[in-house]
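Here are my notes for your first read of this model. Keep the structure open and check each point as you go.

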Amino acid sequence: LDCCYIDWSKISPAIFGSMFQSVMNPKERRNLGAHYTSETNILKLIKPLFLDELWAEFENIKNSNPHYAERGAETELILTDFLNTHLPKRFAAGSGIVIDHLNNISSQTDVIIYDALNSPIYRKGQRVLILPSDNVAAAIEVKSSLNKEELIDAARVRSWGHTLISD
């Protein structure tokens, strides 16, 4: 959790890309197509395809919904819809709770990306899924703003990725 105290916004992704490329054998990297693409070049492609519209929706919520919690819930729904539209059909996204093989239960998770083809769904309510941890591909905490305390809390909540925290 020491990494929670680092302001990662000050570190360029290009540094990690350079590190990634430098540790691989150039011939092996070429055969795998494992090349770093800068954030600038990625955004040139995806920004006009769908990010501009997504960011506009987020800004509209921020500027027009005065209730903090409802703003977050609305943002979660838009992100979930976006993911369900753009992810490969094998995956789905929803809000919910995750249970591991020892019956440890996670806190409520804003957006869970899970294996929709192979995952049993223990419960599917209108707003909450209950899923087994071994079929969860990713978990996303939706935040309107991010400060040190929120980042530490998000890391604590997300720690179930390896071991769930019993509440």
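1. **A term to start with.** A residue counts as buried when its relative accessible area is under 20%, as exposed when that area is over 50%, and as partly exposed in between. Asp115 has a relative accessible area of 8%, so Asp115 is buried. Keep in mind that this is a predicted model.

2. **The overall layout.** The chain has 5 helices and 5 strands. Along the sequence, the order is α-α-α-α-β-β-β-β-β-α. The chain has 167 residues, and 32% of them count as buried. Its accessible surface is about 11500 Å². Carbon and sulfur atoms make up 57% of that surface.

3. **Contacts across the sequence.** Take the contacts in the chain with a separation of 6 or more. Of these, 51% join residues that are 24 or more positions apart.

4. **Helix H3 is bent.** How far does H3 span between its end C-alpha atoms? The span is only 30 Å, whereas a straight helix of 26 residues would span 38 Å at 1.5 Å a residue. Now look at Lys47. H3 bends there by about 80°. A proline, Pro48, follows within four residues.

5. **Lys47 again.** Lys47 also takes part in a salt bridge, and its partner is Asp52. Their closest N and O atoms are 2.9 Å apart. Are these two residues buried or partly exposed? Lys47 has a relative accessible area of 39%, so it is partly exposed. Asp52 is partly exposed too, at 38% relative accessibility.

6. **A second salt bridge in H3.** Glu59 pairs with Lys62 in a salt bridge, with the closest N and O atoms 3.6 Å apart. Why can they be separated by about one helical turn? Because they are 3 residues apart in helix H3, which covers residues 39–64. Glu59 is partly exposed, with a relative accessible area of 37%. Lys62 is partly exposed as well, at 47%.

7. **The third salt bridge.** The whole structure holds 3 salt bridges. One of them joins Arg90 and Asp115, whose closest N and O atoms are 2.8 Å apart. Arg90 lies in the loop between helix H4 (68–86) and strand E1 (91–99), and Asp115 lies in strand E2 (residues 109–115), so the pair ties together parts that are 25 residues apart in sequence. The two ends of this bridge sit in unlike settings: Arg90 is partly exposed, with a relative accessible area of 41%, whereas Asp115 is buried at 8%.

8. **Where H3 meets H4.** Which residues of H3 are buried? They are Leu51, Leu54, Phe58 and Ile61. The buried residues of H3 pack against H4.

9. **Helix H4.** H4 has 19 residues. From its first C-alpha to its last, H4 reaches 27 Å, close to the 27 Å expected at 1.5 Å a residue. Its buried residues include Ala73, Ile78, Leu79, Phe82 and Leu83. Charged residues are on the list too, among them Arg71 and Glu76. What covers the buried residues of H4? The cover includes H3, E1, E2 and strand E5 (136–140).

10. **A loop residue to check.** Asn103 is not a glycine, although it has a positive phi of about 65°. Asn103 lies in the loop between E1 and E2. Its relative accessible area is 60%, so Asn103 is exposed.

11. **A nonpolar patch on the surface.** Five names to find here: Ile6, Trp8, Ile15, Phe16 and Met19. Together they form a nonpolar patch with about 480 Å² of accessible area. Trp8 is placed in the segment before helix H1 (13–23). Trp8 is partly exposed, with a relative accessible area of 38%.

12. **Ser18 and Tyr36.** Ser18 lies in helix H1. At 46% relative accessibility, Ser18 is partly exposed. In sequence, Ser18 and Tyr36 are 18 residues apart. In space, they are 7.2 Å apart, C-alpha to C-alpha.

Notes. Residues numbered from 1 in each chain as written. Predicted model: local features only at pLDDT ≥ 70, side-chain atom pairs only at ≥ 80, totals over all residues. Heavy atoms only, no water. Salt bridge = Lys/Arg side-chain N within 4 Å of Asp/Glu carboxyl O. Buried < 20%, exposed > 50% of the residue type's maximum accessible area, 1.4 Å probe, protein only. Helix = DSSP H or I, 4+ residues; strand = E, 2+ residues; numbered from the N terminus. Patch = residues over 30% accessible without salt bridge, like charges linked within 9 Å, V, L, I, M, F, W, Y side chains within 5 Å. Areas by Shrake-Rupley, 256 points an atom, 1.4 Å probe, with all protein chains shown as cover. Contact = heavy atoms within 4.5 Å. Expected span 1.5 Å × (residues − 1). Bend = angle between axes of the 7 residues up to and from the residue.
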